[in-house]
Structure formats: structure tokens, C-alpha cells
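Hi,

Here is the structure I promised to pass on to you. Have a look at it first, and then read my notes below.

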Amino acid sequence: MAQHDPGLAALVDGYHQFREDIWPERRKLFEVLARDGQHPRALVIACSDSRVDPAMVFNAKPGELFIIRNVANLVPPYEPDGEYHGTSAALEFAVRVLEVPRIIILGHAMCGGVHALLNGFPSTAQDFVAPWMRIANSARARALACDPVDAQTACEEETVKLSLRNLVTFPWVAERVAEGRLSLHGGSFDIRTGVLSMLGDDGNFHPA
Ligand SMILES: [Zn+2]
């Protein structure tokens, strides 16, 4: 099959390269991870955008980051209603089962989800993307309220802050934060410059 699909063949070639070059070095690490289980040092909630790979940004090895990726790095509010909540399910696993000590919401520049939130959704993204992005309606309103020079960046930053606020609507997140067992952080990766900025106590993002 692969020979008829150059794109897939390139991916399988990449796998073979991984087996030859990377696996021998990583084998010991994977043996330990398989034996002792995972104890990630952080949960990162990032955008699905192919240009924002948290493991690359933080130069993290396998086992170090538990990663949730979705459209526009959004955390929905706590809604235990029996529906299909993929992001909340992964969040629950990371916090209550793995007991991660910190959560980082990682936004990014040129986010397509945020762009659509500001400028309208394409007709081909109405079934799920548009309703999903409703989570960020208040972030959009906050960003536009201060009449920003750069609405896109303002809204990207507001989505990170919104996700941080929504995190503490989950009672088992709030409880751990209050007890000092869990810390929450915001960041944003600029894909144009490769610069990571972290949200400071002053409410602004600063280069890390
Ligand atoms: Zn994005």
C-alpha cells in the first residue's frame, strides 16, 4: 500500500529511522517506563495545530509530559453530565489517577481556532468546531473589549486565561490547588519566532 501513497511511505520511513537511530538510545528509558509506569512531571493542554508540539517546545523525553491536544487548547467547564467529554476525561486521568503536580495551558500564535472565533467559522467546520469554540466566547469578548491592536494575539492569550479559570471549576483540581499539591500555569508559543512566553502574576505573558 505504502508505495502507492508517498505521504504514508515517508511516515513509515520515519518510523524505520526512529527504530534505527532513536530506539536503541531510548530503549532503556522505555524499559523503565514500562516497568514502573508513567509519572509525568506535567500535564500540558495544547492546541492540535501541527506546528505546536509540547514535547518539542519543552525538549521533553517520553514519560515526562502527559499531553492533551484539542482545537485552541481549551478546557471546558466542569460538566459531569454523562456526555462524551474527551478533554475532561484525560484531565481527570492526569489529575486524579496520575496525580500530576502541575498543569500548563499552552496557547500559540496564529491559532486557526482563535482566528475562526474572531472572523467566523468556515461552512465545513460547523458540526463540531463551531460548538466547541463556544467555550471561548467570553475570551473573545474580553479580548475585543479592550480594543486591542492585535485582536488575534489578545484573544489567544485570553483563551489561555479562560482555560485556567475553567480548570478550577473541576472540584478535584480546585481542591489540589488549594492544598498546594497542584499548580496551574499558562504559556504561549510563537511559531514565528520559536519564543515561549509564560503568563506572569501580573496577568501578562513574558518570554520564558
Ligand atoms: Zn491553535
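**A helix crossing, a sheet and a zinc site**

I'll start with two helices: α3 and α8 cross in the left-handed sense. Please keep in mind throughout that this is a predicted model. The helices in question span residues 86–97 (α3) and 171–178 (α8), and their axes are 10 Å apart at an angle of about 35 degrees. On the α3 side the contact is made by S88, L91, E92, V95 and R96, which meet W172, V173 and R176 of α8. By character, the residues of this contact are four nonpolar, one polar and three charged.

**The sheet**

Next comes the sheet, which is open and has six strands in the order β2-β1-β3-β4-β5-β6, with mixed pairing. Each of β2 (65–70) and β6 (205–207) has a single partner strand, so these two form the edges and have one side without a neighbour in the sheet. From one strand to the next, the twist averages 25 degrees.

Going through the pairs from the β2 end:

- β1 and β2 run parallel and are joined by six bridges, with A42 opposite L65 of β2.
- β1 and β3 are also parallel, over four bridges; here V44 has I104 of β3 as its bridge partner.
- β3 and β4 are parallel too, with seven bridges between them, and H108 is partnered by F189 in β4.
- β4 and β5 run antiparallel, joined by four bridges, and D190 faces V195 of β5.

The β4 and β5 hairpin has four residues between its strands, and G194 there has a positive phi near 75 degrees.

As for cover, β1 has six of its six residues buried. Helix α3 lies across β1, β2 and β3, and runs at about 170 degrees to β2. Helix α7 (residues 151–167) lies across β1, β3, β4, β5 and β6, at about 155 degrees to β3.

**The zinc site**

Which protein atoms hold the zinc ion? The donors are SG of C47, NE2 of H108 and SG of C111, at 2.0 to 2.3 Å from the ion. Along the chain their spacing reads C-x60-H-x2-C. C47 belongs to strand β1 (residues 42–47) and H108 to strand β3 (residues 102–108), so this pair ties together parts that lie 61 residues apart in sequence.

Are C47 and H108 buried or exposed? C47 has a relative accessibility of 6%, so it counts as buried. H108 is buried as well, at 1%.

**Two buried residues to look at**

The first is N73, in the loop between β2 and α3. With 2% relative accessibility, N73 counts as buried. Beyond its neighbours within four places in sequence, N73 is in contact with I45, A46, C47, I105, L106, G107, H108, T159, V160 and S163. Two of the zinc donors, C47 and H108, are therefore on that contact list because their heavy atoms come within 4.5 Å of N73.

The other is G187, which sits in strand β4. Its relative accessibility is 0%, so G187 also counts as buried. Leaving out neighbours within four places in sequence, G187 touches I105, L106, G107, V160, S197, M198 and F205. For a sense of distance, G187 and N137 are 50 residues apart in sequence, and their C-alpha atoms are 20 Å apart in space.

**Helix α4**

Last, a word on helix α4 (residues 112–119), where the buried residues are G113, V114, A116, L117 and L118. These residues pack against α5 (129–133), α6 (137–145) and α7. G120 follows α4 and has a positive phi, near 105 degrees.

If you open the model at one place, I would pick the zinc ion with its donors C47, H108 and C111, then step over to N73, which contacts C47 and H108.

Best wishes

Note on methods
Residues numbered from 1 in each chain as written. Predicted model: local features only at pLDDT ≥ 70, side-chain atom pairs only at ≥ 80, totals over all residues. Heavy atoms only, no water. Donors = N, O, S within 2.8 Å, 3.2 Å for Na, K, Ca; no water. Buried < 20%, exposed > 50% of the residue type's maximum accessible area, 1.4 Å probe, protein only. Axes fitted to C-alpha atoms, helices over the stretch in contact; angles between N-to-C directions. Left-handed = near helix turned anticlockwise from the far one by under 90°. Nonpolar A, V, L, I, M, F, W, Y, C, P; charged D, E, K, R; others polar. Pairing = 2+ DSSP bridges.
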